[in-house]
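Please look over the sequence and the model shown here, and keep both at hand while reading.

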Amino acid sequence: MSRILLAGFLLTLEALAATGFKAGVGRIVITPRKPIYLSGYANRNRPSEGAVHDLWAKALAIEDSRGSRLVLVTTDLIGLPRHISETVAARVQKQYGLDRARLVLNSSHTHTGPLVGQNLSILFDLGPEDAARVQEYSLDLTGKLVAVVGAALADLSPAELSYGHGQAPFAMNRREPGPNGVRIGVNPSGPSDKDVPVLRVTAPGGAIRAILFGYGCHNTTLTGEFYKISGDYAGFAQIEVEKAQPGATALFMMLCGGDQNPNPRSRLDLAEAHGATLAAAVSRVLSQPMKRIEGPVRTAFRIVELGFAPHTREKFEARVNDGNVFVARHAKAMLKAYDEGRPMRRYPYPVQAVALGKQVTLVALGGEVVVDYALRVKKRYGSEGMIVAGYSNDVMAYVPSLRVLKEGGYEAVDSTTYYGVPGPWAEDVEEKIFTAIGQVMERVKR
Ligand SMILES: [Zn+2]
């Protein structure tokens, strides 16, 4: 009897402890101050020329009633390379005592943002001045990312969290099958995930403090002819959401849009229109009843070693004088690694999961993850309250599913040249990632 009473008492404590969140918000402008090479397209031949709007790093800190913390950071950038993410994570751990598993660093993948660190290093052979500018920017960015996490933690105060989701139509599968294999185009019958998850943070009086929303689609409305800095559709969407909710900070999280392009694209007014469409989807979610989040914050992070398909020195030697400047540059970089006795065979790939009570689960994966991963996670673990993000913690390459890897094309093979990785992933890439997803999910789903 006393044992039953004790169990009941503990359950009551658990229920009480399950409410009473705190949240904090930080934001910092990360627009480059000087002209800088923009990332994402190999055809650009000069630095940026002004800006359409600012780029931001934004942070949302969440703490449950037991003091378990999480900080989600979103950035209007092409992708954070591992070197920067791990430097930021180490400094955040040292300065604020936040474990690696409690920090999520996501990038919007805007193609009108600066080169960041060594990400996509094969795209350009920069002169010393332009290279120094990228290095200077990356150093400054690293400090700002640490600072924005600190600002969010310093802002922690009582809050209520709720969740809902909507849809936005403009994500389009871009893997178009043709007589010579898959090329980048438009494939209306290919898989997409048009879900728009929305996490709302309100103050006790009801005022909205933060709105985190996501979408699985490349920020590539603006193509390689654009030299003005912007966040593409996600930049416009955040501005629109903040206009509609004065005083709130809007944070955009990039989901599994590795093989998705906005449709249509190639004009500034289209980027603005897609942004407005996405912001309207967020507004619709906010105007309807949302699910209140209760319960503890749980996080798990692990590194899984992914292998590349076998490669040899001879393969790259044969390409050093290739007529394609990118193939030749890539071959030289790969041979350099061979010469230094460290040919790249494996890569430490980050897999993270976060549970906000039973209501919301975030799976955050590194790299340019194709939509198949989001669909498979939702099928396996349920789609209700499930957010599956790519472009998190490290953007080292595309991450194709086995299906996409076997079909070939840009996301499977061609993109590895620009990323400076030796070639496609080994065929166990999807299964290894799902094994790791299973492990982090088990840690957070207790
Ligand atoms: Zn991409």
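The paragraphs below go from the domains to the strands and helices and end with single residues.

The model is a predicted one, and the chain's domain assignment divides it into domain 1, made of 19-297 + 352-408, and domain 2, which covers 309-339. Between the C-alpha centres of domain 1 and domain 2 there is a distance of 32 Å.

A useful place to begin is strand β11, residues 249-254, which is mostly covered, since six of its six residues are buried. Its side chains can be sorted by direction: T249, L251 and M253 point one way, while A250, F252 and M254 point the other way, and all of them are buried. Strand β11 runs parallel to β10, to which it is joined by six bridges, and within this pairing Y215 is the residue that stands opposite M254. To get from β10 to β11 the chain passes through α4, and the β-α-β crossover that results is right-handed.

Helix α5, residues 268-287, can be read next. It has 20 residues and reaches 29 Å from its first C-alpha to its last, close to the 28 Å expected at 1.5 Å a residue. The buried residues of α5 are A271, E272, H274, G275, L278, A279, A281, V282, V285 and L286. In viewing such a list it helps to recall that an α-helix has 3.6 residues a turn, so residues three or four places apart point the same way. As for what covers them, the buried residues of α5 pack against the strands β5 (157-167), β9 (195-202), β10 (208-215) and β12 (260-262), and against helix α4 (232-244).

The loop between β12 and α5 deserves a slower look at its backbone. P264 is found in this loop, and the peptide bond that leads from N263 to P264 is cis, with omega near 0 degrees. S266 also has its place in the loop between β12 and α5, and its phi is near 85 degrees, a positive value in a residue other than glycine. Both features can be set against the general pattern, in which most residues other than glycine have a negative phi, and most peptide bonds are trans. Because S266 has 14 C-beta neighbours inside 10 Å, it counts as partly exposed.

A second positive phi, of about 55 degrees, belongs to Y391, which is not a glycine either. Y391 is found in the loop between β18 and β19 (398-399), and it is buried, because 32 other C-beta atoms lie within 10 Å. Among the residues that touch Y391 is H109, whose other contacts, not counting residues up to four places away in sequence, are I78, G79, H218, N219 and M254. H109 itself is found in the loop between β4 (103-107) and α3 (128-154), and it counts as buried because it has 26 C-beta neighbours inside 10 Å. The C-alpha atoms of H109 and N324, which are 215 residues apart along the chain, are separated by 25 Å.

The contact between H109 and Y391 leads on to another part of the chain, where four strands form an open sheet of mixed pairing in the order β14-β15-β16-β18. Strands β14 (297-307) and β18 (386-389) stand at its edges, each with a single partner strand, so one side of each is left without a neighbour in the sheet. From one strand to the next the twist averages 15 degrees. Strands β15, residues 346-356, and β16, residues 360-365, run antiparallel and are joined by six bridges, and the bridge partner of A355 is T361 in β16.

Two helices accompany this sheet. Helix α8, residues 371-381, lies across β16 and β18 and runs at about 150 degrees to β18. Helix α11, residues 429-444, packs on the sheet and touches β14, β15 and β16, with a direction that makes about 160 degrees with that of β14.

A single residue shows how these elements meet. V304 has its place in strand β14, and it counts as buried because it has 20 C-beta neighbours inside 10 Å. Leaving aside its neighbours within four places in sequence, V304 is in contact with Y349, V351, K432, I433 and A436. For V304 and A436, which are 132 residues apart along the chain, the separation between C-alpha atoms is 6.7 Å.

Technical notes. Residues numbered from 1 in each chain as written. Predicted model: local features only at pLDDT ≥ 70, side-chain atom pairs only at ≥ 80, totals over all residues. Expected span 1.5 Å × (residues − 1). Buried ≥ 20, exposed ≤ 12 C-beta atoms within 10 Å, placed from the backbone. Contact = placed C-beta atoms within 7 Å. Domains from an automatic or database assignment. Pairing = 2+ DSSP bridges. Axes fitted to C-alpha atoms, helices over the stretch in contact; angles between N-to-C directions. Right-handed = clockwise from strand over helix to strand, strands pointing away.
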